[in-house]
Amino acid sequence: MTRHHGWSWPSTQVTRLLERRTEGAPVPDREGHDGRWAGPVRVRSVSGSLTRQAIVIAAVTLMVDCLSFSFSTGSFSYPVGWRWAMLAAIVVVDAGLACAPRLSGVVAVAQAAVAVGGTWVAVTMWDAVPHSGPNPVPQLNNAGLLISAYQAGAWLNRWPAVVSLVCLATGTVARQALGGAHVEPGRILVGAMTDALLPWLVGRYTTARRAYIAELEQRSERERQGARQALTAAIAKERSSIAHDLHDVISHHVSAIGLHAGVARLRATKAPDAQDLTESLTAVETSSRAAMLDLRRLLDFLHGNPSGEDSQPGLDNLPELLDAVRAVGLRARVTVHGVPSRLPESLDIAVYRVVQEMLTNALRHGAGGVAEVELRYDPASLTVTTSNSLAAETRVRPDSPHRGLQGIRSRATMFKGRTGYGPTPDGRTWITTVTFPLDPS
């Protein structure tokens with residue numbers, strides 16, 4: 001946008017943008033989307049609305065000019081042929097007001113030509129017949145001159161708009177000069193300013209206002225994008241900080257546990273219960289390796305650098321999970337009912353984590369033995385159920401869930417699932433059930 005002495009004039013790009021909007025070309029809306037992506041309905045609605053308004057303005061202007069011409073020629077018997085010719089010229093130039101905005105300059109020149117030519121012919125015919133009194137100059141296309149001056153100022157670029165203004169002002173001055181021999185120069189100047197300059201300036205102001213509003217909308221959109229980018233950067237920074245903390249605090253300790261377990265396993269071969277001790281240390285070492293693997297996957301995710309499609313475990317990794325549980329003394333069995341379906345990646349990870357948490361709870365609070373895991377695939381849901389023996393000294397009331405059960409319920413809630421848990425009536429078995437809804441398609 002070019003500014004001169006505080007006045008905002010529309011730039012070429014803004015004027016072309018407004019012209020494209022009028023002609024139905026796809027232009028970006030305030031959300032930054034191109035009209036082509038919104039479909040043809042949006043473009044047609046904008047173009048059709050402006051076209052209808054232009055037609056209404058042209059029709060009202062034509063009616064006003066025709067009535068003014070009829071009233072102003074009633075006191076003098078102009079030839080019938082000249083009357084019809086002038087009416088036809090007025091109809092043509094006023095109908096041009098409904099044309100595309102890029103033709104506003106042509107319409108303005110045509111309006112000025114009709115005003116000057118019609119006035120000259122009327123004065124010539126008046127002088128050919130002896131009359132007394134002033135020359136009654138007919139009102140030809142005064143309304144058309146005003147509207148064409150406004151359109152030229154609103155829709156045209158700088159130099160075409162200035163040329164149109166000069167033509168309109170010249171036509172207005174010439175029409176008034178031809179209308180009488182004793183017209184005051186001041187009245188001619190005022191008439192040119194009223195009929196040409198003033199509506200032209202109003203058109204320029206309207207376009208400058210539109211350009212200013214478009215600039216404000218673009219600035220607001222840039223601010224929103226900046227805020228979103230700042231939020232994304234803040235989240236990435238926080239994730240990186242969490243990843244560093246996890247690496248410094250947890251991974252070092254877990255690595256130390258695995259290292260010490262491996263050393264102890266190698267040294268425990270001479271102990272009386274070497275076999276049981278070795279198996280226990282092997283389980284600790286295996287669990288620490290699995291924990292480190294999951295931790296590295298989580299760190300990769302927090303850093304925004306997933307290691308691949310298998311960076312997060314899913315139901316395909318259940319055999320490894322069951323082997324790790326069996327290594328620490330809990331016999332786990334999985335039963336599948338129904339036809340397994342391909343789950344979305346996020347849901348697949350969530351189901352795996354739920355089963356992992358269920359088996360972890362069975363290790364911590366169960367009495368050992370066997371943990372049953374059941375996966376039931378229905379057309380509209382997937383139900384995961386675990387059951388394990390419950391030690392008497394570690395019984396948990398259903399109304400006071402531990403963190404593990406809270407984590408299970410939280411994961412289920414993310415997918416609009418239902419969670420149920422609690423002991424059987426005899427208090428010997430703990431059952432946890434989670435149902436995930438599935439898309440029937």
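Two strands are taken to pair if DSSP finds at least two bridges between them. On this criterion, the predicted model contains an open sheet of 5 strands in the order 3-4-5-7-6, with mixed pairing. Strand 3 (331-337) and strand 6 (418-423) occupy the edges; each has a single partner strand, and therefore one side of each is left without a neighbour in the sheet. From one strand to the next, the twist averages 10 degrees.

At one edge of the sheet, strand 3 and strand 4 are joined by 7 bridges in the parallel sense. Within this pairing, Val334 has Val373 of strand 4 as its bridge partner. Helix 9 lies across strand 3 and strand 4, and runs at about 150 degrees to strand 3. Helix 10 also packs on the sheet, where it touches strand 3, strand 4, strand 5 and strand 7. The direction of helix 10 makes about 160 degrees with that of strand 4.

Several of these elements also meet in the largest nonpolar core, which has 31 residues. The residues with the most contacts inside this core are Val351, Leu359, Val384 and Phe436. Two or more residues each are contributed by helix 9 (318-327), helix 10 (345-365), strand 4 (366-377), strand 5 (381-390), helix 11 (403-414) and strand 7 (429-437). Helix 10 gives the most, with 8 residues. When neighbours within four places in sequence are left aside, Leu359 is in contact with Leu321, Leu322, Val325, Leu330, Ala332, Ala371 and Val373. Val373 thus appears both as a contact of Leu359 and as the bridge partner of Val334. A second, separate core comprises 12 residues, among them Ala112, Ala149, Ala161 and Trp200. In soluble globular proteins, nonpolar side chains tend to be buried together.

Helix 3 was examined for its span and for the distribution of its buried positions. With 16 residues (80-95) at 1.5 Å a residue, helix 3 should span 22 Å, and this agrees with the 22 Å that separates its end C-alpha atoms. Trp82, Met86, Leu87, Ile90, Val93 and Asp94 are buried in this helix. Viewed down the axis of helix 3, the buried residues fall within an arc of 135 degrees, so they line one face of the helix. An α-helix has 3.6 residues a turn, so residues three or four places apart point the same way. On the other side of helix 3, Val80, Gly81, Trp84 and Val92 are exposed. The two tryptophans of these sets are therefore placed on opposite sides: Trp82 belongs to the buried face, whereas Trp84 is exposed.

Notes. Residues numbered from 1 in each chain as written. Predicted model: local features only at pLDDT ≥ 70, side-chain atom pairs only at ≥ 80, totals over all residues. Heavy atoms only, no water. Helix = DSSP H or I, 4+ residues; strand = E, 2+ residues; numbered from the N terminus. Expected span 1.5 Å × (residues − 1). Buried < 20%, exposed > 50% of the residue type's maximum accessible area, 1.4 Å probe, protein only. Arc of directions from axis to C-beta. Core = buried A, V, L, I, M, F, W, Y, C linked by side-chain atoms within 4.5 Å. Contact = heavy atoms within 4.5 Å. Axes fitted to C-alpha atoms, helices over the stretch in contact; angles between N-to-C directions.
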